[in-house]
Amino acid sequence: MRIAVLGLGTVGRYVVDALESERELFSARLGEELVVSRILVRDQGSERPESVRGRITFAVEEILKDPEIEIVVELMGGYEPARSIIEAALKAGKSVVTANKEVIARSGPALSLAAQPAADLLFEAAVAGGIPIIRSLQESLAGNRLQAIYGIVNGTTNFVLSRMQREGGSFVEALAEAKRLGYAEADPSDDLDALDAVRKISILASLAFGGWVDVDAVPKEGIRGITEVDIAEAKSLGGVIKLVARAEATPDGLTLGVSPTLIPLGHPLADVQGAQNAIYVRGEPIGELIFQGPGAGGPATSSAVIGDIIDAARSRRVGGRSVALPREPAPLVPLGQHAHCYYMRLRLHDEPGALALVAQAFAGAGVTLRSVRQPVREAGISVISVVTGPTRRAQLEDARLSLRGCPSVLAEESLILAEMESLLP
Ligand code: NAP
Ligand code: HSE
């Protein structure tokens with residue numbers, strides 16, 4: 001069976017190598033040989049390995065118009081032209097395997113409608129790298145009423161935060177290393193500003209709860225504002241900061257969000273290190289499940305891509321479609337309806353009464369405080385960290401408004417959701 005691979009970067013390279021080095025194994029599993037006959041790249045000036053040179057093309061039409069190519073593996077990234085190429089391939093009756101969460105989160109249902117009957121659209125690698133979470137939700141857990149999904153679904157940000165926590169390195173150094181290891185997106189803002197995690201939790205929630213989530217409606221907060229002070233404060237409070245994506249079914253609809261979250265040590269997500277991802281799923285009758293494993297990088301991602309290629313190849317020979325995507329929109333409920341604890345770092349003038357004014361701002365909004373600490377005091381400046389008790393977002397916003405009007409408050413420097421119930425007395 002002939003395959004074309006679009007993209008020969010971090011993931012594409014591993015996929016092509018593995019399909020060739022494990023040719024016999026995969027042939028035995030499939031009962032047929034998989035042959036990579038064409039590889040699409042963009043940069044005509046780049047040197048390519050000898051082993052692939054004869055198969056490189058810069059013209060996608062050569063692939064789309066070749067009737068012998070049955071599976072197109074899209075590993076280019078970005079929204080366009082990837083989306084149009086996937087659509088054209090599906091319309092041409094080719095099965096498509098992709099790792100592209102941006103395309104699936106924005107256009108998954110429309111693309112699945114475009115597919116010809118024999119053509120599958122598979123995207124296991126789009127969420128949580130090597131962890132088989134898409135198939136688990138679509139197949140193994142299909143007999144459950146799912147209630148909640150929480151997870152660390154971005155390897156780059158988890159790598160950066162773990163590095164800062166464990167080795168005390170700077171944000172910039174940790175990010176440079178994540179890029180070098182191939183974890184980061186082509187534009188790492190997608191990782192740092194939580195867009196990537198929003199796309200992933202939207203895909204998971206759409207599959208788990210049965211309505212398509214609008215990615216633009218999901219509230220998000222990235223990790224750029226987190227400093228060594230927050231990391232040290234979290235440690236003193238007995239916790240760690242992780243970028244957590246959450247989706248919960250409520251009687252009124254779904255709540256979704258991605259934000260840095262202070263979680264207590266001992267929590268199942270607290271010890272997820274480096275580019276590992278972990279996804280907690282709760283449902284009836286299954287109860288609680290945790291999936292954990294490598295969430296980014298060429299080798300882990302190639303595992304999911306090749307699994308999909310073999311699945312797509314099998315289904316072309318024996319028939320049957322693997323994936324059904326919900327098409328109706330999922331009603332989202334604002335996260336703010338739930339009460340959460342929050343961690344906040346504030347920069348104050350170091351002057352008498354400053355702390356009293358801060359306390360008043362919170363008290364005036366009906367927000368209780370669990371902890372107030374002063375990790376930094378220097379040249380007329382005092383940096384304090386505050387942890388609130390369970391608070392609705394609207395109350396917190398009232399307190400923030402009062403703080404902004406407070407003459408002693410110079411700046412609010414970070415705001416982090418805190419799953420603190422077990423952390424503080
Ligand atoms: P990458 O290293 O940036 O590689 C992209 C490849 O696609 C390059 O070979 C590039 O060609 C080619 N390409 C890009 N735009 C193209 C265009 N318009 N026409 C033709 N070729 C084009 O990306 P990656 O890290 O492998 O990621 C690929 C996809 O997998 C993305 O959707 C990403 O989100 C997803 N993913 C990545 C990871 C990871 O850990 N890296 C994990 C899971 C999912 P040149 O070689 O000519 O530049
Ligand atoms: N940039 C993504 C991450 C790649 O760091 O998780 C895997 O999807």
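**Exercise 1. Place Proline 285 and describe the peptide bond before it.**

Step 1. Proline 285 sits in the loop between β10 (276-284) and β11 (287-294). Strands here are DSSP runs of E with at least two residues, helices are runs of H or I with at least four, and both are numbered from the N terminus.

Step 2. The bond joining glutamate 284 to proline 285 is cis, with omega about 10 degrees.

Step 3. Most peptide bonds are trans.

This is a predicted model, in which local features need pLDDT of at least 70 and side-chain atom pairs count only at pLDDT 80 or more, while totals for chains, interfaces and linings use all residues. Residues are numbered from 1 along each chain as its sequence is written, chains are lettered from A and ligands numbered from 1 in the order in which they are written, and side-chain values use heavy atoms, leaving out hydrogens and water.

**Exercise 2. Do the same for proline 81.**

Step 1. Proline 81 belongs to the loop between β4 (69-74) and α4.

Step 2. A cis peptide bond links glutamate 80 to proline 81. Its omega is about 5 degrees.

**Exercise 3. Find the sign of phi at alanine 194 and at alanine 379, then decide for each: buried or exposed?**

Step 1. Alanine 194 has phi near 75 degrees, a positive value in a residue other than glycine. Alanine 379 also has a positive phi, about 35 degrees.

Step 2. Most residues other than glycine have a negative phi.

Step 3. Alanine 194 lies in the loop between α9 (189-192) and α10. Alanine 379 lies in the loop between β13 (369-378) and β14 (381-388).

Step 4. Alanine 194 has 0% relative accessibility, so it counts as buried. Alanine 379 is exposed, at 82%. The cut-offs are under 20% relative accessible area for buried, over 50% for exposed and partly exposed in between, with a 1.4 Å probe and protein chains only.

**Exercise 4. Work out how α6 and α10 pack.**

Step 1. Take the axes, which are lines fitted to C-alpha atoms, for helices over the stretch in contact; angles run from 0 to 180 degrees between N-to-C directions. The axes of α6 (residues 133-140) and α10 (residues 195-209) come within 9 Å and cross at roughly 10 degrees.

Step 2. That makes α6 roughly parallel to α10. Angles under 35 degrees count as roughly parallel, over 145 as roughly antiparallel, 65 to 115 as roughly perpendicular and the rest as oblique.

Step 3. The crossing is left-handed: the near helix is turned anticlockwise from the far one by less than a right angle, whereas clockwise would be right-handed.

Step 4. List the contacts (heavy atoms within 4.5 Å). Ile133, Ile134, Leu137 and Gln138 of α6 meet Ile203, Leu204, Leu207 and Ala208 of α10.

Step 5. These residues divide into 7 nonpolar, 1 polar and no charged. Ala, Val, Leu, Ile, Met, Phe, Trp, Tyr, Cys and Pro count as nonpolar, Asp, Glu, Lys and Arg as charged, and the others, Gly among them, as polar.

**Exercise 5. Work out how α5 and α10 pack.**

Step 1. The two axes come within 9 Å and cross at roughly 50 degrees. α5 and α10 are therefore oblique to each other.

Step 2. α5 passes α10 in a left-handed crossing.

Step 3. Lys101, Glu102, Ile104 and Ala105 of α5 meet Asp196, Arg199, Lys200 and Ile203 of α10. The split is 3 nonpolar, no polar and 5 charged.

**Exercise 6. Work out how α4 and α5 pack.**

Step 1. The axes of α4 (residues 82-91) and α5 (residues 101-114) come within 10 Å and cross at roughly 20 degrees. The two helices are therefore roughly parallel.

Step 2. This crossing is right-handed.

Step 3. Ala82, Arg83, Ile86, Glu87, Leu90 and Lys91 of α4 meet Val103, Ser107, Leu111 and Ala114 of α5. The contact holds 6 nonpolar, 1 polar and 3 charged residues.

**Exercise 7. Which residues have the most contacts inside the largest nonpolar core?**

Step 1. A nonpolar core is a set of buried Ala, Val, Leu, Ile, Met, Phe, Trp, Tyr and Cys residues joined through side-chain atoms within 4.5 Å. The largest has 77 residues, and Phe123 and Ile133 have the most contacts inside it.

Step 2. α10 supplies the largest share of this core, 9 residues.

Step 3. A second, separate core of 31 residues includes Ile3, Leu30, Val73 and Val97.

Step 4. Leaving aside neighbours within four places in sequence, isoleucine 133 contacts Glu124, Val127, Ala128, Leu204, Ile279, Val281 and Phe291.
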